[in-house]
Amino acid sequence: GAGDRRGLVFCNTRQGARATWEALRGAVPGLQACLLSGELAQEDRARALFLLRQGAVHAAVATDLAARGLDLEGLDFVVNAELPPAWDAVSFVHRAGRTGRAEAPGECVSVCATQAEVDVVRGWAEAAGRPLEVAGPAGDGGPQGALASPAWAALLIAAGRRDKVSKADVLGALVHLAGVDARSVGHIQVTAREALVGLPIGEARRACDLLRAGKIKKARRAVRVLRPEALARPNRRPGEGAGAGAGPGARHAPTRSRPRPAKS
C-alpha cells in the first residue's frame, strides 16, 4: 500500500530542502516526511535516516551532499523537486539510481517548470534506456486523498553504549517489559547516547508507556515516539543568530508556478 512506500525527495540547497519539506507537510494530507540536510545536527540526521530505513516516514527531503554515500536499500521512488545544478546528467543518474536497484521496481519523478527542463529529462531518460511519462501541470488531477500512515514507528530510548545498553538489552526490554513479540521488532540501532528501535505503528505507543514504567539495565529511561517534525532543528554554529539558516532573509529556492512532473 501507499503507507509502505518510501523514497527520497532531492533539492539543491539546504534552504530549498527546508522550504520543500515545509510545503509538502502542508500540501499532502497524511504525509510523514523528515528533513535530511547539512543544517541539521548530526544526531538528528542519524535519526532521520533511521526513520527512512525503518519505513516510519514516507520520504526524506534531502540535499545531494546529505545523501552522499548513504546505503539505502529498497527505496520505491526518487523525486527531483529541483533538477540537479547546471542540469548535470551525472548527478541525475546518481539520484535516480537510488531506486529500482537489482531489478526491483522503482520510479523517478522530476518536477519541471519549463519545456526546456522536460526536454532535458527526456534526453537523460533516453540515454539511460528508461521509459518517460510526461504529466500535466501539478494539481490537474483534482483533490488527493490522505496518504495511508506508514506501517512503522520508531522509539527513542535515552540510553546507549555509554550506559552499557546493547541491542540485546533493547530487544529484551521490549519482550519482557512491553510484551512485544520479538519477531515483530524492526531495526535496532544503538549509539553512544541513545537507542532507536522500530515497531509496528499499532504497538509503538503502548510499548513506549510500558518501557517508561519499567527499568532498562537497572534504571528508568526516558522513552518517546520519534516524530519526524522534531528533527528539523538547525545546527547553528557558535556566533550564528536566530535568523541563520532558513530564517528571515535566507535565500530559498524560487517558487515555481504549475510545475510538470516527468516520470522516468
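**Close-up views of a predicted model**

**View 1. Tryptophan 87 sits in the loop that links β4 (77–80) to α4 (89–96).** This is a predicted model, and here we zoom in on a backbone angle. Tryptophan 87 isn't a glycine, yet its phi is positive, near 50°. As a reminder, most residues other than glycine have a negative phi. Is tryptophan 87 buried, exposed or partly exposed? With 39% relative accessibility, tryptophan 87 falls in the partly exposed class, because that class covers values between 20% and 50%.

**View 2. Lysine 217 also carries a positive phi without being a glycine, with a value near 55°.** Look for lysine 217 in the loop between α7 (201–213) and β10. Its relative accessible area is 43%, so lysine 217 counts as partly exposed.

**View 3. Helix α5 covers residues 115–128 and has a buried side.** How far apart are the end C-alpha atoms of α5? They are 20 Å apart, and that agrees with the 20 Å that 14 residues should span at 1.5 Å a residue. Glu117, Val118, Val120, Val121, Trp124 and Ala125 are the buried residues of α5. These residues lie on the same side of α5, because they cover an arc of only 160° around the axis. Turn to the face pointing away from that buried side and you'll find the exposed residues Glu126 and Ala127. Just past the end of α5 comes glycine 129, whose phi is positive, at about 70°.

**View 4. Strand β7 (residues 152–157) pairs with β9 and with β10.** Five of the six residues in β7 are buried, so this strand is mostly covered. With β9 (residues 195–200), β7 forms six bridges, and the two pair in the antiparallel sense. To find your way along this pairing, start at leucine 155, whose bridge partner in β9 is valine 197. Which strand does β7 join through three bridges? That's β10 (residues 223–225), and this pair runs antiparallel too. Here the residue to look for is leucine 156, standing opposite arginine 224 of β10.

**View 5. Helix α2 (residues 42–54) has a long list of buried residues, including Phe50, Leu51 and Leu52.** Also buried in α2 are Asp44, Arg47, Ala48, Leu49 and Gln54. The 13 residues of α2 reach 18 Å from first C-alpha to last, close to the 18 Å expected at 1.5 Å a residue. Right after α2, glycine 55 takes a positive phi of about 80°.

**View 6. The largest nonpolar core has 33 residues.** The members that touch the most others are Leu8, Leu36, Leu51, Leu52, Leu72 and Leu226. Helix α2 gives this core its largest share, five residues. Zoom in on leucine 52: beyond its neighbours within four places in sequence, its contacts are Arg6, Gly7, Leu8, Val57, Ala59, Ala60, Leu72 and Leu75. Apart from this core lies another one, of 23 residues, with Val180, Val185, Ala204 and Ala207 among them.

**View 7. Here's where to go easy on the details: residues 238–258 have a pLDDT below 50.** For the protein chain, the average pLDDT is 86, and 84% of the residues score at least 70. How many contacts does the 238–258 stretch have in the model, beyond near neighbours in sequence? It has 20. Where pLDDT is low, the predicted coordinates shouldn't be read in detail.

Notes:
Residues numbered from 1 in each chain as written. Predicted model: local features only at pLDDT ≥ 70, side-chain atom pairs only at ≥ 80, totals over all residues. Heavy atoms only, no water. pLDDT = per-residue confidence, 0-100. Contact = heavy atoms within 4.5 Å. Helix = DSSP H or I, 4+ residues; strand = E, 2+ residues; numbered from the N terminus. Expected span 1.5 Å × (residues − 1). Buried < 20%, exposed > 50% of the residue type's maximum accessible area, 1.4 Å probe, protein only. Arc of directions from axis to C-beta. Pairing = 2+ DSSP bridges. Core = buried A, V, L, I, M, F, W, Y, C linked by side-chain atoms within 4.5 Å.
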